[in-house]
Amino acid sequence: MTAPTGPVAVLDAVAPAPFPTGGHVGLTAHPSVLPVWGETADSTLVCRRVLDITHDVKTFLFEPAAPALFHYDPGQFITLRLQIGGRAVDRCYTISTPPTRPHLIGITVKRQPGGLVSNWLHDTMGAGQRVSADGPFGLFSAAHHPAGKYLFLSAGSGITPIMSMTRTLYDLGSDTDVLFVHSARTPSDIIFRRELDAMASTAPTIRVAHVCERDSPREPWVGLRGFLSGEMLRVLAPDLHERDVFCCGPTAYMAAVRRALVAAGFDMGRYHEESFSFEDLTVEVPPVRVDGDGVHEPPPPGAGAPTAAFSVEFVRSGRTFRCGADENVLDAAFAAGLTPPSSCGQGMCGTCKTTILSGAVDMQHQGGIRPREIAQSKLLICCSKPLSDLRIDS
Ligand SMILES: Cc1cc2nc3c(=O)[nH]c(=O)nc-3n(C[C@H](O)[C@H](O)[C@H](O)COP(=O)(O)OP(=O)(O)OC[C@H]3O[C@@H](n4cnc5c(N)ncnc54)[C@H](O)[C@@H]3O)c2cc1C
């Protein structure tokens, strides 16, 4: 994590509110003595309330099952670990609420036609229900990229990380200039429409524009129409080159945004995006070395030469297999006929997290594991290549 300076430094270090606002958390202890959720043994969440946001989007608010406060960077996500129909399934959902409200976290989920988890959440999740979760994870946050001016771009459910960042800046009374341009199919698909308009009408630093493809049956759209274009960006943000851009939405939308920015001569070093599709992810962080003593440091020169192969022992399964130095432990385990839990395959969701008992790996994760966990000899086997023979708690 970077140590930001400047206007949004506070994004990264939001203190718990001095007074509890509700829920058992607030009634049992003063917030200052509560542990941080995710750093305690029990990371179970209890659903407190479900909010209807649009016709196919709901927000699920959760509190910790054991007294704790939430602490995270706006833009981070959690991984839900569910049992549906007797099957274990994991899905990532961005925390759409801001860290300035540490008693509850909210995820905002769009129903995907035919989708397993989004429909299950919409149809069955209700107040009092418990879910297993892990996190917070992820590096997509304005907290890591302090700037005086942001251009926030989102489409569809990609609004969630941007909403968390905007709510945070709003709650903090930040002087940071925010231009938030959200794209939706129709006016009735605009997620958080009234709240965004309320923030824009009360905070002089926040401007919101919606772009809709077409009218909805009940509301003809009078605003910007079509797909977000370079021309729209030029009109909305004549000061584009002074802004850091955060973008989240469908793959085609983000590709169009990138093309428009490149065509405008924008410095793409100030462009940050998050995809909700694991296939689209790119590695952004340097590797760390993890060994059985929890030591983490850059891999030694020459380590991991492609010709080497190492022995990997999954201690609990009682299985040992070979893994090439240029191969991820997870892939080698699959090749050996093992099926350890995994989901994203990119070092992002934390599903394949386990402990290294001896040996060392070169791990290239994307925020799916915390520094504290690495120090405790945890690793994500989907993005770890062996640097020696390994014994793993799996
Ligand atoms: C970092 C991150 C953050 C995210 N944040 C959010 C968020 O804030 N809000 C949100 O709504 N989502 C978010 N997502 C997406 C979310 O994790 C799920 O992918 C999404 O809810 C769909 O899951 P599902 O189980 O409903 O659909 P799935 O069952 O995974 O199916 C997805 C789609 O594929 C189709 N499909 C499924 N199986 C098949 C098949 N065999 N053949 C053809 N098509 C098939 C389904 O019909 C559906 O349209 C995020 C993802 C990531 C990686």
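Among contacts in the protein between residues at least 6 apart in sequence, what percentage join residues at least 24 apart? In this predicted model, the share is 71%. The protein has 394 residues, of which 41% count as buried, and its secondary structure consists of 8 helices and 20 strands.

The surroundings of the ligand may be described first. A shell of 21 residues surrounds the ligand, and the closest of these are G114, G115, V117, S118 and T160. By character, the residues of the shell divide into 10 nonpolar, 9 polar and 2 charged. Three elements, β4 (87–94), β5 (105–110) and α2 (116–124), each supply at least two residues of this shell. Because domain 1 (9–136) and domain 2 (142–280) both give residues to the shell, the ligand lies between them.

Attention then turns to the sheets. Strands of a sheet pair through backbone hydrogen bonds, and the pairing is either parallel or antiparallel. One open sheet is formed by 6 strands in the order β10-β9-β8-β7-β11-β12, and its pairing is parallel. The edges of this sheet are taken by β10 (224–225) and β12 (271–274), each of which has a single partner strand, so that one side of each is left without a neighbour in the sheet.

Within this parallel sheet, strand β8 (residues 177–184) pairs with strand β9 (residues 206–212) over 7 bridges, and A184 has C212 in β9 as its bridge partner. Helix α4 (residues 193–202) packs on the sheet, where it touches β8 and β9, and the direction of this helix makes about 145° with that of β9. A further helix, α6 (residues 251–263), lies across β7 (149–155), β8, β11 (244–248) and β12, and runs at about 155° to β11.

At the edge strand β12, 4 bridges make the connection to β11, and the two strands run parallel; one bridge partner in β12 is E273, which is matched with C247. In a regular strand the side chains alternate between the two faces of the sheet. In β12, the covered face holds H272 and E274, whereas the uncovered face holds Y271 and E273.

Beyond the other edge strand of this sheet, the loop between β10 and α5 (230–236) contains F227. With 15 other C-beta atoms within 10 Å, a number between the limits of 12 or fewer for exposed and 20 or more for buried residues, F227 is partly exposed. When its neighbours within four places in sequence are left aside, F227 is in contact with E213 and A256. The C-alpha atoms of F227 and A155 are separated by 9.9 Å, although the two residues stand 72 residues apart along the chain.

A second open sheet has 5 strands in the order β15-β14-β20-β16-β18, and its pairing is mixed. Its edges are β15 (319–324) and β18 (378–380), and since each has a single partner strand, one side of each is left without a neighbour in the sheet. Neighbouring strands of this sheet are turned by 40° against each other on average, with direction ignored. An antiparallel pair in this sheet is formed by strand β16 (residues 353–358) and strand β20 (residues 390–392), which are joined over 2 bridges, and the bridge partner of S358 in β20 is R391.

Some details of the backbone also deserve description. Most residues other than glycine have a negative phi, and most peptide bonds are trans. A cis peptide bond, with an omega of about 0°, joins G135 and P136, and P136 lies in strand β6 (residues 130–137). A positive phi of about 60° is found at F192, although this residue is not a glycine. F192 belongs to the loop between β8 and α4, and it is buried because 23 other C-beta atoms lie within 10 Å. A positive phi of about 70° is likewise found at S377, which is not a glycine either. S377 is located in the loop between α8 (371–375) and β18, and with 19 other C-beta atoms within 10 Å it is partly exposed.

Notes
Residues are numbered from 1 along each chain as its sequence is written. This is a predicted model: local features need pLDDT of at least 70, side-chain atom pairs count only at pLDDT 80 or more; totals for chains, interfaces and linings use all residues. A residue is near a molecule or strand if its C-beta atom, placed from the backbone, lies within 6 Å of it. Ala, Val, Leu, Ile, Met, Phe, Trp, Tyr, Cys and Pro count as nonpolar, Asp, Glu, Lys and Arg as charged, and the others, Gly among them, as polar. Domain bounds come from an automatic or database domain assignment. Two strands pair if DSSP finds at least two bridges between them. Two residues are in contact if their C-beta atoms, placed from the backbone, lie within 7 Å. Axes are lines fitted to C-alpha atoms, for helices over the stretch in contact, and angles run from 0 to 180 degrees between N-to-C directions.
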